[in-house]
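Q: Please take a close look at one part of this protein: the place where its two domains meet. Start with the overall layout, then work inwards.

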Amino acid sequence: MSDKIILNININNKEIKLNVEPRTLLIDILRNNLNLTGTHIGCDTSQCGSCMVLLENKCVKSCSILVAQCDNKSIKTIESIGKENNLSNVQKAFKNNHGLQCGFCTPGFIMSAIECKNNKLSSEDEVREFLDGNFCRCTGYQNIVKSITSFLKMP
Ligand code: FES
Ligand code: FES
């Protein structure tokens with residue numbers, strides 16, 4: 001077993017100190033140590049995007065990076081994006097445009113939608129290209145794209 005390392009990471013606006021093995025994946029810390037289970041594992045080939053989180057405001061697949069790479073950085077997970085009784089605009093856009101079916105992939109799409117907005121994307125083509133790394137196995141892409149383009153028009 002390898003020696004543990006100490007990391008300081010801001011997760012959902014909270015400073016967290018972790019004592020972990022260097023080989024630990026970010027997704028495992030989020031789900032198993034911090035109980036942030038809204039971030040899902042949908043594949044074992046780094047393709048599906050269900051595990052997407054924002055690292056320093058950029059989308060990353062949390063199954064594909066080591067938590068050690070996040071030292072002194074900030075992470076946002078789906079748990080930081082609105083509340084059941086106080087939805088954020090991106091959640092409202094998905095709700096209003098029926099942008100989810102089983103919902104397993106939805107957290108990843110929501111995080112990608114936020115980066116689309118941060119990157120000031122506006123056209124449907126740009127959104128479709130950006131979503132290259134997110135799979136919806138129910139093939140509900142039409143309404144997901146509609147939801148995101150609608151979110152991009154919101155303030
Ligand atoms: S679980 Fe990370 S890309 Fe599928
Ligand atoms: S809603 Fe995306 S996989 Fe079902």
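A: The predicted model holds 5 helices and 5 strands. Along the sequence they run β-β-α-β-β-β-α-α-α-α.

Take the overall form next. The C-alpha atoms fill a box of roughly 50 × 30 × 25 Å along the principal axes. The radius of gyration is 16 Å. A compact globule of 155 residues would have a value near 15 Å, so the two agree.

Now the division. Domain 1 covers residues 5-78, and domain 2 covers residues 89-153. Their centres, taken over C-alpha atoms, lie 21 Å apart. Domain 1 brings 19 residues to the contact, and domain 2 brings 16.

How much area is buried between domain 1 and domain 2? The figure is about 1400 Å². Carbon and sulfur atoms give 58% of that area. On the side of domain 1, three residues stand out: H40, M52 and I78. They supply 32% of the area that domain 1 buries against domain 2. No other three residues supply as much.

Polar links also join the domains. Between domain 1 and domain 2 there are 7 residue pairs in polar contact, both residues being at pLDDT 80 or more. The count of salt bridges between the two domains is 1. A salt bridge joins the side chains of K58 and E115, with 3.7 Å from N to O.

Which elements of domain 1 give two or more residues to the side that touches domain 2? They are strands β3 (52-55) and β4 (58-61). M52, named above for its share of the buried area, falls within the bounds of β3 (52-55). K58, a partner in the salt bridge, falls within those of β4 (58-61). Sorted by type, the residues on this side of domain 1 are 8 nonpolar, 8 polar and 3 charged.

Finish with one residue, K61. It is found in strand β4. Leaving out residues up to four places away in sequence, K61 touches S46, Q47, G49, C51, M52 and G133. M52 thus appears again, as a neighbour of K61. G133 lies in the stretch given to domain 2 (89-153), and K61 in that of domain 1 (5-78). The K61 side chain also reaches the backbone oxygen of S46, at 3.2 Å. I16 makes a contrast: K61 and I16 are 45 residues apart in sequence and 20 Å apart in space, C-alpha to C-alpha.

Key. Residues numbered from 1 in each chain as written. Chains lettered and ligands numbered in written order. Predicted model: local features only at pLDDT ≥ 70, side-chain atom pairs only at ≥ 80, totals over all residues. Heavy atoms only, no water. Domains from an automatic or database assignment. Contact = heavy atoms within 4.5 Å. Buried area = accessible area lost by both parts, 1.4 Å probe. Salt bridge = Lys/Arg side-chain N within 4 Å of Asp/Glu carboxyl O. Polar contact = N/O pair within 3.5 Å; in protein donor to acceptor, adjacent residues only side chain to side chain. Helix = DSSP H or I, 4+ residues; strand = E, 2+ residues; numbered from the N terminus. Nonpolar A, V, L, I, M, F, W, Y, C, P; charged D, E, K, R; others polar. Rg over C-alpha atoms; globule rule 2.2 N^0.38 Å.
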